[in-house]
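Visitor: I'm new to this one. Can you walk me through it?
Guide: Sure, here it is.

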Amino acid sequence: MPEDQTALNRGSAAQGFAQPADSDSWYLDPLAALQKRNVHLELVRDWAPDLRPQTVVKTDVFEEANNQDAVLPNVKLGQRLSLGFDVELRTVAKAQRRYQGEAPQFLNADARNLPFASDSLELIISTSTLDHFETRAEFVESIRELARVLDPKGRMILTIDNPWNPGYFPLYALFRLPFAPFKLGYTPTRARLDADLRDAGLRPQAWRPLIHNPRMITTLILLGLRKLFGASADGVVSSYLNLFARCESLPTRWFTCVFMAVCVTKEPPSAA
Ligand SMILES: C[S@@+](CC[C@H](N)C(=O)[O-])C[C@H]1O[C@@H](n2cnc3c(N)ncnc32)[C@H](O)[C@@H]1O
């Protein structure tokens with residue numbers, strides 16, 4: 001992660017990113033979406049710099065279908081195939097329409113029962129997919145299934161909702177209401193996730209607390225700023241996001257982070 005989050009926001013405006021201009025997410029400010037996309041791309045750069053995968057697979061294509069935080073089309077590790085799957089066929093079709101003729105391929109599949117051979121995937125990226133199951137049993141089932149398909153020399157980058165964030169449970173309750181864009185599900189603590197990964201035969205190699213602005217409050221503030229000032233609010237929105245990004249270096253980072261990110265392998269941890 002760069003020390004200066006501003007660099008991420010500057011980078012997001014640069015050429016070279018595959019990014020459809022449209023968005024179906026009223027709740028996610030375009031700059032917040034770019035920040036979310038960039039911190040996930042940063043994880044890939046930091047945690048898979050040596051990997052030359054044939055295939056990059058992403059669990060769920062919600063971002064690719066709806067938002068400006070799409071990660072998969074921007075992962076460039078020389079892979080032959082970028083493949084995103086989602087349990088919702090409608091979401092798969094939307095993503096396919098948005099990226100017609102471009103690199104990623106999209107597939108209708110369920111993270112609990114994947115149509116891939118064991119030990120076959122060299123890089124799996126899972127951005128807050130597994131925290132949408134109703135039950136812990138389904139969460140564990142999907143971790144085991146991802147462990148099955150991960151290549152023994154491969155890597156999985158997983159992010160999930162942080163239940164220690166004070167805003168998590170209010171958001172969980174709010175997202176049960178009919179107007180919510182989606183529901184939140186079961187999410188474990190970091191210690192529980194660590195144990196679940198190890199039980200599935202995986203080895204956590206590195207952890208990172210991601211995105212530190214309070215989600216609900218941020219949505220309201222940014223919606224207000226955009227209503228009043230439109231695109232002219234870019235500078236203020238950027239400063240707001242950058243200010244909260246600085247919380248990543250504070251001792252409170254595992255309470256303020258919206259997502260917990262972990263890099264896992266099937267191999268024992270390296271001496272380095
Ligand atoms: C609401 S989105 C949020 C996650 C998204 N990556 C993000 O960070 O914005 C959750 C996505 O996970 C998908 N999903 C839920 N259960 C799934 C499963 N068992 N297998 C694959 N995708 C699943 C949903 O269809 C939806 O597209």
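Visitor: What classes of residue make up the shell around the ligand?
Guide: The shell has four nonpolar, six polar and six charged residues. Nonpolar here means Ala, Val, Leu, Ile, Met, Phe, Trp, Tyr, Cys and Pro; charged means Asp, Glu, Lys and Arg; the others, Gly among them, are polar. One caution: this is a predicted model, where local features need pLDDT of at least 70, side-chain atom pairs count only at pLDDT 80 or more, and totals for chains, interfaces and linings use all residues. Numbering starts from 1 along each chain as its sequence is written.

Visitor: Which residues are closest to the ligand?
Guide: Asp60, Phe62, Val87, Ala111 and Phe182 are the closest of the 16 that surround the ligand. To be near a molecule, a residue needs its C-beta atom, placed from the backbone, within 6 Å of it.

Visitor: Switching to Asp86. Where does Asp86 lie?
Guide: In strand E2, residues 81-86. Helices (H or I, at least four residues) and strands (E, at least two) are DSSP runs, numbered from the N terminus.

Visitor: Is Asp86 buried or exposed?
Guide: Asp86 counts as buried because 25 C-beta neighbours lie inside 10 Å. The cut-offs: buried is 20 or more other C-beta atoms within 10 Å of a residue's own, exposed is 12 or fewer, partly exposed is in between, with C-beta atoms placed from the backbone.

Visitor: And what is Asp86 in contact with?
Guide: Leaving aside neighbours within four places in sequence, Asp86 is in contact with Asp60, Val61, Phe62, Thr91, Val92 and Asn108. Contact means C-beta atoms, placed from the backbone, within 7 Å.

Visitor: Thr91 and Val92, which helix is that?
Guide: Helix H4, residues 89-98. Its buried residues are Thr91, Val92, Ala95 and Arg98. They sit on the same side of H4, because they cover an arc of only 125° around the axis. That arc is taken from the directions from the helix axis to the C-beta atoms.

Visitor: What's on the other side of H4?
Guide: Leu89, Arg90 and Arg97, which are exposed.

Visitor: What do the buried ones pack against?
Guide: Helix H3 (62-66), E2 and strand E3 (105-108).

Visitor: New topic: why is strand E5 largely enclosed?
Guide: Ten of the twelve residues of E5 (residues 150-161) are buried, so the rest of the structure largely encloses this strand.

Visitor: How does E5 pair with E7?
Guide: In the antiparallel sense, over six bridges; E7 is residues 259-265. Strands pair if DSSP finds at least two bridges between them. Ile160 stands opposite Met260 in E7.

Definitions and conventions: Two residues are in contact if their C-beta atoms, placed from the backbone, lie within 7 Å.
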